[in-house]
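Good morning, everyone, and thank you for letting me take a few minutes of the meeting. Please have a look at the model on the screen, and then I will talk you through one part of it.

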Amino acid sequence: MKLLEERIREDGVVLPGNVLKVNSFLNHQIDADLMFAIGEEFARLFKDSGVTRILTVEASGIAPAIMTGLTLHVPVLFARKTKSSTMNNDLYTAEVYSYTKKVTNCVSVDQKFLKKDDKVLIIDDFLANGQAVKGLLDICQQAQVQVAGVGIVVEKSFQDGAQWIKDQGVRLESLARISSFEGDQVRFVGEE
Ligand code: 5GP
């Protein structure tokens with residue numbers, strides 16, 4: 001997605017540890033117009049896949065997931081990292097190691113929001129080693145739902161997650177695919 005790549009180039013900041021900081025437009029302050037365009041693009045890619053529900057993980061996945069749900073007219077469910085006091089014990093849970101925070105969270109969703117006849121689209125902001133997506137796929141497996149695919153805003157293709165998802169036979173659509181960081185420069189797949 002050209003618009004997204006241009007914005008990453010303009011406003012993304014490369015940090016040590018192969019981390020791209022995009023908090024001025026994607027995951028802290030949010031450019032709502034760009035996020036809406038991201039949702040429209042995911043909706044276009046998955047419009048014929050029979051998606052009935054979108055699944056993401058809080059917090060940074062919520063914005064792209066909502067914009068996609070808005071366009072596809074399906075509910076958006078996010079896995080919580082802390083258990084809310086209003087949640088009962090009927091939960092699907094998975095362990096997710098956070099790439100940026102270096103902690104393991106137990107993420108959970110209420111079982112009543114995933115039905116066996118659901119076809120789920122998983123959305124997240126970044127794909128690095130695939131831990132977040134693995135956790136969400138694990139939850140989908142527990143709920144015995146079909147997975148339409150995975151939609152990622154920024155894929156770091158040089159890390160392990162993308163290949164792992166494809167190896168599972170799961171469709172992966174990433175809107176920006178980074179092949180490497182060179183100093184403070186971002187290189188996208190196809191630019192080598
Ligand atoms: P994974 O689970 O695929 O290893 O990492 C994906 C998760 O870690 C995303 O949900 C995102 O929150 C965070 N993450 C991974 N890499 C980056 C990065 O380069 N920049 C930012 N801002 N977050 C990242």
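I will go through the pocket and then the ligand.

Please keep in mind that this is a predicted model. The largest pocket has a volume of about 780 Å³, and its lining is made up of 32 residues, with Ser98, Thr100, Lys101, Asp125 and Phe126 lying nearest the centre. If we sort that lining by class, we find 15 nonpolar, 10 polar and seven charged residues. Several elements supply at least two residues each, among them strand 5 (91–97) and strand 6 (104–110), while the most comes from strand 7, which gives four residues.

What takes up the space of the largest pocket? It is the ligand that takes this space, and the elements giving two or more residues to the shell around the ligand are strand 2, strand 7 and helix 4. Strand 7 again deserves a mention, since its four residues are the largest share of that shell.

There are 16 residues around the ligand, and those that come nearest are Leu20, Asp124, Ala128, Gly130 and Ala132. By class, this shell divides into seven nonpolar, six polar and three charged residues.

Now to individual atoms: a side-chain N or O atom of Asp124 is 2.8 Å from an oxygen atom of the ligand, and a polar backbone atom of Ala128 is 2.8 Å from a ligand oxygen atom. For Asn129, a backbone N or O atom lies 2.8 Å from an oxygen atom of the ligand. On its own the ligand has 500 Å² of accessible area, of which the protein covers 89%.

Notes
Residues are numbered from 1 along each chain as its sequence is written. This is a predicted model: local features need pLDDT of at least 70, side-chain atom pairs count only at pLDDT 80 or more; totals for chains, interfaces and linings use all residues. Side-chain values use heavy atoms; hydrogens and water are left out. On a 1 Å grid over the protein atoms alone, a cavity is a set of points where a 1.4 Å probe fits but cannot get out, and a pocket is an open set with protein on both sides within 12 Å along at least five of seven lines; lining residues have an atom within 4 Å of a point. Grid points are joined across faces, edges and corners, and a volume is the space filled by probe spheres set on the points. Ala, Val, Leu, Ile, Met, Phe, Trp, Tyr, Cys and Pro count as nonpolar, Asp, Glu, Lys and Arg as charged, and the others, Gly among them, as polar. A residue is near a molecule or strand if one of its heavy atoms lies within 4 Å of it. A polar contact is a pair of N or O atoms within 3.5 Å; within protein, one must be able to donate a hydrogen and the other to accept it, and residues adjacent in sequence count only if both atoms are side-chain atoms. Accessible areas come from the Shrake-Rupley method with a 1.4 Å probe; for residues, only the protein chains shown count as cover. A molecule sits in a cavity or pocket if more than half of its atoms lie within 2 Å of its grid points.
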